[in-house]
Amino acid sequence: MGKGSGYGKVILFGEHFVVHGVPGIVSAIDSTTDAEVKKTGEGIAVRDERKTAKGYSEEKRLQQLESIDRMLKAMGIDPKTPLSIWIGGTLPGFSGLGASAASSVAIARAIAQELGMNVPDEKINQVAYEAEKAYAGNPSGIDNTAATYGGLMWFQKNMSGGTDFVEKVKTPKQVEIVIGSTGKVANTKAMVAGVAERKRQNPQKYDPLFKRAEEIAIEGRKALEAGDLKKVGALMNENHTLLQEIEVSSRELDLLVDIARKQGAYGAKLTGGGGGGCIFALTPGKELQEKVAKAIEAQGFEVLRTMIGVQKL
Ligand code: PMV
């Protein structure tokens, strides 16, 4: 049997903006999707045992099959190869945590191991990027990069189709965060397409927002490297405002962000595609993390207590 894992992620700065070439900062979190693959049975069979938001697996099933098909093509494997695939792990299937990319990385690694192929991380990352197209349409590549390598990363998409610019960001230590899920499954593909369309129609409004997103990423990187978490939090808050302005936040996301800030989180913002999915709050120290997590749970939402800056695979 072949085994593999991929990290979940939160985007600290720049979701949506990264699709258009603005730099962003992403961090792997201390939760992974794990896969096991056996060359057996007939065709592709998937047993998905991840903890998910209601309706997540059903909503994503067709995209999942398409993603596996794309993955096999990218790895040069005969699509008729019988593969029995199990997916599980600690990363919940909430929208916005890069669960699709984490599962693609996990499955690609497990397939490679089962078929005795030696596939370096760089290739795994490319394969997962191809697989992500099934879920995201026009993905930036930020999710599969975080899922493959882990850690905290500066990411800038190469808009001419060449290699993306990826650099590790050094931060003094791992930091506690709380992820709050709206429980709503979001359609990343539609959210990404919506931003692109509005940007095209209204450049006077969108261009300055994109400019500010770039500055936030640059300032955010400096603050992370200096370990200035108050500043990181303030920039996260401002990034959330930009995401509201490009119309990817929602009533529930704004509510969760509000609860977290009122409980003393250093900053809170939606993470990922928006329109549903998740927020994350920067909550250094176990005590603050617990306080924010409990307040969100008290309003009936699910949370994940985890860390950013993690690299251990
Ligand atoms: O919602 P997620 O976890 O798939 O994150 C999407 C991030 C976007 O910036 C909206 C899209 C992308 O491909 O970068």
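Of the 17 residues around the ligand, which come nearest? In this predicted model, the answer is Lys9, His16, Gly98, Ser140 and Gly273. The ligand itself sits in the largest cavity, and it lies between two domains because domain 1 (2-168) and domain 2 (175-308) both give residues to its shell.

**Polar contacts**
- Ser140 shows up again here: one of its polar side-chain atoms is 2.5 Å from an oxygen atom of the ligand.
- Asp143 also uses its side chain, with an N or O atom 3.3 Å from a ligand oxygen.
- Gly96 joins in through its backbone, where an N or O atom lies 3.4 Å from an oxygen atom of the ligand.

**Cover**
- On its own, the ligand has 380 Å² of accessible area, and the protein covers 94% of that.

**Who makes up the shell**
- Sorted by class, the shell around the ligand comes out as 7 nonpolar, 7 polar and 3 charged residues.
- As for secondary structure, β1 (2-13), α4 (142-149) and α5 (188-201) each chip in at least two shell residues.

Terms used. Residues are numbered from 1 along each chain as its sequence is written. This is a predicted model: local features need pLDDT of at least 70, side-chain atom pairs count only at pLDDT 80 or more; totals for chains, interfaces and linings use all residues. Side-chain values use heavy atoms; hydrogens and water are left out. A residue is near a molecule or strand if one of its heavy atoms lies within 4 Å of it. A polar contact is a pair of N or O atoms within 3.5 Å; within protein, one must be able to donate a hydrogen and the other to accept it, and residues adjacent in sequence count only if both atoms are side-chain atoms. Accessible areas come from the Shrake-Rupley method with a 1.4 Å probe; for residues, only the protein chains shown count as cover. On a 1 Å grid over the protein atoms alone, a cavity is a set of points where a 1.4 Å probe fits but cannot get out, and a pocket is an open set with protein on both sides within 12 Å along at least five of seven lines; lining residues have an atom within 4 Å of a point. A molecule sits in a cavity or pocket if more than half of its atoms lie within 2 Å of its grid points. Helices (H or I, at least four residues) and strands (E, at least two) are DSSP runs, numbered from the N terminus. Ala, Val, Leu, Ile, Met, Phe, Trp, Tyr, Cys and Pro count as nonpolar, Asp, Glu, Lys and Arg as charged, and the others, Gly among them, as polar. Domain bounds come from an automatic or database domain assignment.
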